[in-house]
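Q: Could you take a close look at one part of this model for me, the metal site and the aromatic residues? I'd like a connected walk-through rather than a list.

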Amino acid sequence: MMAEKEHMIQCPKCEWQPDGGSYWSCECGQVWNTFATYGKCPSCSKVHRQTQCPMCHEWSPHPDWYLDLEVLDISVLEEKELEK
Ligand SMILES: [Zn+2]
Ligand SMILES: [Zn+2]
């Protein structure tokens with residue numbers, strides 16, 4: 001599932017804004033842009049609830065990065081996976 005619209009995204013700690021690069025890696029070895037999938041690994045489908053900033057290296061809850069999203073229910077992503 002890819003994001004269809006551009007979100008306002010920035011690090012809650014240092015206000016760095018992701019530039020679309022693939023800075024995040026999963027324990028399965030996948031490297032990708034976590035904001036394209038709301039934190040869900042495109043390879044093993046693990047949902048990463050915490051996202052580390054590549055600039056300040058602080059961890060923040062994934063939904064906290066979205067400035068224009070009131071509520072991001074990550075559990076919806078996980079439930080979809082269970083339905084398969
Ligand atoms: Zn940061
Ligand atoms: Zn993975």
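A: Quick definition before we start: a donor here is an N, O or S atom within 2.8 Å of the metal, and water is not among the atoms. Keep in mind that this is a predicted model.

Let's begin with the metal. The zinc ion (ligand 2) has its protein donors in the SG atoms of Cys26, Cys28, Cys41 and Cys44, lying 2.3 Å from the ion. What geometry does the site of the zinc ion (ligand 2) have? It's tetrahedral: the angles among the 4 donor atoms run from 104 to 115°, and the cut-off for that label asks for all angles between 85 and 135 degrees. If you scan the chain for the donors, you'll find them spaced as C-x1-C-x12-C-x2-C. Cys26 sits in the loop between strand 1 (24-25) and strand 2, while Cys41 sits in the loop between strand 2 and strand 3, so this pair ties together parts that are 15 residues apart in sequence. Cys26 and Cys41 are both buried.

Now for the rings. Searching the whole structure turns up 7 aromatic pairs. One of them is Trp16 with Trp24, a tilted pair with 6.4 Å between centres and 45° between planes. The label "tilted" fits because 45° is neither under 30 degrees, which would be stacked, nor over 60, which would be edge-to-face. Are these two tryptophans buried or exposed? Trp16 has a relative accessible area of 14% and Trp24 comes in at 8%, so both fall under the 20% cut-off and count as buried.

Phe35 and Tyr66 pair up another way: their ring centres are 5.8 Å apart and the planes meet at 75°, so this one is edge-to-face. Phe35 is in the loop between strand 2 (31-32) and strand 3 (50-52), and Tyr66 is in the loop between strand 4 (59-61) and helix 1 (74-83), so the pair ties together parts that are 31 residues apart in sequence. Phe35 and Tyr66 are buried too.

Step back a little and these rings belong together: Trp16, Tyr23, Trp24, Phe35, Tyr38, Trp65 and Tyr66 make up one aromatic cluster.

Tyr66 has one more partner worth a look. Its side chain makes a polar contact of 2.9 Å with the side chain of His62. You'll find His62 in the loop between strand 4 and helix 1, and its relative accessibility is 0%, so His62 counts as buried. That leaves Tyr66 with an edge-to-face ring pair to Phe35 and a polar contact to His62.

Conventions: Residues are numbered from 1 along each chain as its sequence is written. Chains are lettered from A and ligands numbered from 1 in the order in which they are written. This is a predicted model: local features need pLDDT of at least 70, side-chain atom pairs count only at pLDDT 80 or more; totals for chains, interfaces and linings use all residues. Side-chain values use heavy atoms; hydrogens and water are left out. Rings of Phe, Tyr and Trp (its six-membered ring) pair if their centres lie within 6.5 Å; planes under 30 degrees apart count as stacked, over 60 as edge-to-face and the rest as tilted. Buried means under 20% relative accessible area, exposed over 50%, partly exposed in between (1.4 Å probe, protein chains only). Helices (H or I, at least four residues) and strands (E, at least two) are DSSP runs, numbered from the N terminus. Donors are N, O and S atoms within 2.8 Å of the metal (3.2 Å for Na, K and Ca); water is not among the atoms, so sites may look incomplete. Four donors count as tetrahedral if all angles lie between 85 and 135 degrees; four count as square planar and six as octahedral if opposite donors are over 155 degrees apart and all others between 65 and 115; anything else is irregular. A polar contact is a pair of N or O atoms within 3.5 Å; within protein, one must be able to donate a hydrogen and the other to accept it, and residues adjacent in sequence count only if both atoms are side-chain atoms.
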